[in-house]
Amino acid sequence: MAGAIIENMSTKKLVIVGVILLLFQAFAFMVGGLIADGALVHIDVGLAYRDDMNSEWTEMAHSLEQRKLSCNFTATKTHENEGRHYECDLLPFMEVGSVAHKYYLLNIRLPVNERKKINVGIAEIRDIRLVGIHQNGGFTKVWFAMKTVLTPSILIIMIWYWRRITLMSRPPVLLEKVILALGISMTFINIPVEWFSVGFNWTWMLLFGDIRQGIFYSMLLSFWIIFCGEHLMDQTERNRFSIYWKQVGPIVFGSFCLFIFDMCERGVQLKNPFYSIWASDIGTELAMAFIIVAGICACLYFLFLCFMVFQVFRNISGKRMSLPAMSKARQLHYEGLIFRFKFLMLVTLACAALTVIFFIISQVNEGHWHRGEHMVQVNSAFFTGIYGMWNLYVFAIMFLYAPSHKHYGDEQSSIQCITGDAGVNSCEDIQPTTTITHVDGPTEIYKMIGQEAQE
């Protein structure tokens, strides 16, 4: 039996909140004691905790697990090389979502039963190496600070945005409702519930975090589809959620599949932290296939979004053909609106590209933890940068699409007159605006495209 006491050093300053992923290996070569192909190691393992050196250990979990060995011996198998270690792939061992206690005791027992062929053909066990992957205290402080600051920021702008919508004489249109839903999902993922894990041993934090991120992913991807689609439809087709079921339906279905996949592992780990879907050949192949399919679907989604943005740009370019018929003042007015809208669409495309890249890299990294074949490092700067980008994008969308609080009157309008070739003055009443919003719809571009399409 092997025992290991793991001290949570971070509890002296700040509790580590996140995953503790342990992997193990180390098997020695002995002549006549070779590791058989496809050998299974049976592990009787238990986990306990305590918060001081004098208290009794409290058992957290106990399980009987199996792991398939994949080992190579790089040297010649002779007497001279006895005692040298096999080169074995790391095996998933334990995953804990919250580390709220100071000391943890890990008991590992490898029972041998030759009649049942338990732990037979696994060579000689000299020692066991545990590799831990955890969220360090420095990143935890930054992560907590970001969530604590960003939560009230998004919540305030969301309340302000919806109040502006309700002050309008018209009912909210579909695009405005979807923007509100996006703000709600962003607020939901921002809420710093991790603070409670400092005092409570909430083992479901990993699963809850995955659910929150999945909801935000599905809402963000759906928003981009509707955002582009509403600037392609005419007045008779737009403002109806039912026409987007072909695009939004697969997003919802994919999010549901991700939830089921997550429940197959994280759900079981609520009771048994030693369980891993990667422990069996079938589970490993299914998990890898699922990750590959998810990555391919993410790339296809981005290509489809690029196609929709191209259509929006082409549609707007067609509408610009009517600008020369307008007065000079109105031309400048709409040229400015079109420029700002195109810039927003390019920012949207860049945000979508980084989101897809982040999703794929995260999935590849998840596979590396368990398979050990390829590694793509995701450092804390990239992780927090993507999170900050989402918040900034949602904040900008709600700010730009909130109706203006100004009620323009005759004294606030500016009348610009232009003298034509025939010496006739052409005067136009232009109302100043600082945003891209319009009283008759989410944006003047939105209204202009709908009117032209309808005509």
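Q: What makes two aromatic rings a pair, and how many aromatic pairs does a search of the whole structure find?

A: Rings of Phe, Tyr and Trp (its six-membered ring) pair if their centres lie within 6.5 Å, with planes under 30 degrees apart counted as stacked, over 60 as edge-to-face and the rest as tilted. By that rule, 18 aromatic pairs are found in the whole structure. This is a predicted model, in which local features need pLDDT of at least 70 and side-chain atom pairs count only at pLDDT 80 or more, while totals for chains, interfaces and linings use all residues. Residues are numbered from 1 along each chain as its sequence is written, and side-chain values use heavy atoms, with hydrogens and water left out.

Q: Which geometry does the pair of Tyr217 and Phe359 have, and are the two residues buried or exposed?

A: A pair of aromatic rings is described by the distance of the centres and the angle of the planes. Tyr217 and Phe359 are edge-to-face, at 5.7 Å centre to centre and 80 degrees between the planes. Tyr217 belongs to helix H3 and Phe359 to helix H6, 142 residues apart, so that the pair links distant parts of the chain; helices (H or I, at least four residues) and strands (E, at least two) are DSSP runs, numbered from the N terminus. Both residues are buried, where buried means under 20% relative accessible area, exposed over 50% and partly exposed in between (1.4 Å probe, protein chains only).

Q: Where do Phe358 and Phe382 lie?

A: Phe358 and Phe382 form a tilted pair, 5.9 Å centre to centre with 55 degrees between the planes. Phe358 lies in helix H6 and Phe382 in helix H7, so the pair ties together parts that are 24 residues apart in sequence. Phe358 counts as buried because its relative accessibility is 3%, whereas Phe382, at 27%, counts as partly exposed. Phe358 and Phe382 belong to one aromatic cluster, whose members also include Trp143 and Trp390.

Q: How many residues has the largest nonpolar core?

A: In soluble globular proteins, nonpolar side chains tend to be buried together. A nonpolar core is a set of buried Ala, Val, Leu, Ile, Met, Phe, Trp, Tyr and Cys residues joined through side-chain atoms within 4.5 Å. The largest one here has 60 residues, and Phe223, Trp224 and Trp390 have the most contacts inside it. Helix H3 gives the largest share of this core, 11 residues.
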